[in-house]
Amino acid sequence: MPSRARQYDRPASLPAAAPRLYSSLPAPVPAPAPAPAARSPGPGADDRLLTEPLSQPDFFNVKELFSLKDLFNARVHLGHKKGCRHRFMEPYIFGCRLDQDIIDLDQTMDHLQLALNFTAHIAYRKGIILFVSRNRQFCHLIESTAQECGEYAHTRYWQGGLLTNAPIQFGSGVRLPDLLIFLSSLNNVFEPHVAIRDAAKMNIPTVGVVDTNCNPCLITYPIPGNDDSPTAMELYCKLFKMTIIRAKDYRKQREVFHELQSKAEGN
Amino acid sequence: MRPPSACSARGCAHQRPSAAPLTPPRPSRSALAQRRAAPSLPALIATHRAGAAPALPANRGRRAFLGPCGAEPGAAVMAAAMRRLLRAGGRRGAALVVAAGGARSQTLRLIYTTTAAWKKNVAASGPEKYTEAFIKKQIEEFNLGKRHLANMMGEDPETFTQEDIDRAIAYLFPSGLFDKRARPMMKHPTEIFPEQRKIQWGEDGRPFHFLFYTGKQSYYSLMHDTYEKLLNVQKHQDQMAAQDLPPQKEKKNLVGSRWLTKTELEEMLLEKLSDDDYSRFIQLLQKLVTSPCGNIEENYIKKFSREISAQLQKVVIEPLKHDDRGVAFSTGEGERKTSRATVIVYDNGTGKITVNGIDVLHYFPVLQDREQLLFPFQFLDRVGKHDMVCTVSGGGRSSQAGAIRLASAKALRSFVTEKEVEFMRQAGLLTVDPRVKERKKPGQEGARRKFTWKKR
């Protein structure tokens, strides 16, 4: 697996991350790297921490957070008019009723489960998650969500070199986000958000809610669904917040457990 | 008041009790240079004293920073300083020792500079330079230097204030430069180094602020908070409407207050703002203030508004005075172009006017000038009722007449009702005529007249 080359100056205290996996197979145990003394669990415990969630497909049980009825009530299935339809969204569209596209909620369920699962894993591994949206109506909601779950948000004007020119913009040694979540993948002129392309350039995985007028191409985990209704956006924010908090709490739990274990072993 | 030197020979081992020289402040960043018109000098610069020779030819092409070299036994001190600097900061510039020959002593001048003078990008290099430790060291050096300076000036180091420092520096390093900010200065490091942002992320690389990746975290966080206040206000409004209560109508009086200026906001946020950003923020604040239940968030809004001190100053009209004969009189002063006039107007008079001890008919033979003098009295229908004694100097006859007119109008205010004062003001009797002689410009014959155009 290629190592992530986009972090310019990796802080020395971070241990080498396990290679990224795209399937649910358990990871091969990496060679024990010399971990610095600062990390609380020992090198063996570190591997166990990282490989434990990879034992099952839906380790964090994100399926229970939502149901098809919830999606329907939140109007996630409502798309735009037929004329706005994007060609690449056709596989995700259930049908068209009175010129309005209806998104297939069965597919949305699967995609949403994959996306939430991926987000949970990233949050478990202490990755930086950046919420992006250019919809002014929900700017405040998304920023509040990010603040509450301890992650980051960018719902403002996107300056060109934020991801691609980060050392110059922020100073050398800056760490880039490990996941971008697009709660609306278009910008204010109905073009794909620049961050989708930039994240692809910088090998950053993306999760994105794609409406019927959006291009799902470069998004790693697209979620076909409505991105214009307040109820739908509130639902997405709630789901992402719950997964992230759940994954982080679980991580804290496991770290404490491993620490106690290593102490007991030491004694 | 410099203490005399024991020996002036070069290379003498005589060490002064306070061995370390005055420590110069570090070179300032170009960002500071952009904010203030002229950056402070990289170091205390000694001017060429009488007898100090100009720098040697080896100086050509090198940028110079001159250490303090006014003191004569400074040779040994200079050597120590040079060694210190070469050890510490040689990587950033050229350190060249130039021996300046002088009539009385040879002083070593250190020539040293940094890339700070021309480097543009502050953000990328900023945080490393102004670390906490660095500023702390600067403060220590400043305090030490302050004590040395006090000793040098023969004053008590404990009670040496910033004004004393400024006076001492101005005495030791007199400068003919016009801009005060270009002259040598020794100030506390907090005044010289701008408050800079420290590194924004922790050991694990995670930024501290949740809006870090936007680039303008303070500004957007401010917008976020203000918008939240607006949402609160709207919610409160809805609640009041639901309970059928009328929204509170006590409006905060905005007349005596103003919003923060863009510079003040930038200083508050420690971030550069664009004009659009600033105007958007002010619009949001206005929306918050003008909404019906806006006074809930008064405390928040107060942070961004400033009081304007009363601009209109009520002009006080002096009451009438009485002289020893019992006659009421009042004085006035007036000016026009370069003339200045003072006038005393007496009541119960016959219209007699004396200027500089001379009767008005002799002093102002031209009718136009006498008409000017008469105008205030004619306007108030008091033509033969007042006597006037004037003194006037400067200018020509017309401007002297105008000055006296203004002075007499000001004096007459005391005799007259407020309404008539307002009439006088509207007639232009109380306004100083701002017209002065326009300067001649180079390339022209006069202020406006150009040289004769010749076809060939």
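I started just after helix α12 of chain B, where D381(B) takes a positive phi of about 60°. Helices here are DSSP runs of H or I with at least four residues, numbered from the N terminus, and strands are runs of E with at least two. I noted that this is a predicted model, in which local features need pLDDT of at least 70, side-chain atom pairs count only at pLDDT 80 or more, and totals for chains, interfaces and linings use all residues. Residues are numbered from 1 along each chain as its sequence is written, chains are lettered from A and ligands numbered from 1 in the order written, and side-chain values use heavy atoms, without hydrogens and water.

**Along the helix**

I looked up the bend of α12(B) (the angle between axes fitted to the seven residues ending at a residue and the seven starting there). The helix bends by about 35° at L373(B), and P376(B), a proline, follows within four residues. Both L373(B) and P376(B) are buried (under 20% relative accessible area; exposed is over 50%, partly exposed in between, with a 1.4 Å probe and protein chains only), as are D369(B) and F377(B).

What do these buried residues pack against? I found β8 (353-355), α11 (360-363), β10 (387-393) and α13 (397-412) of chain B.

**One residue up close**

I then picked Q372(B), also in α12 of chain B. Q372(B) counts as partly exposed because its relative accessibility is 29%. Leaving aside neighbours within four places in sequence, Q372(B) is in contact (heavy atoms within 4.5 Å) with A401(B) and R405(B). From Q372(B) to S398(B) I noted 8.9 Å, C-alpha to C-alpha, at 26 residues apart in sequence.
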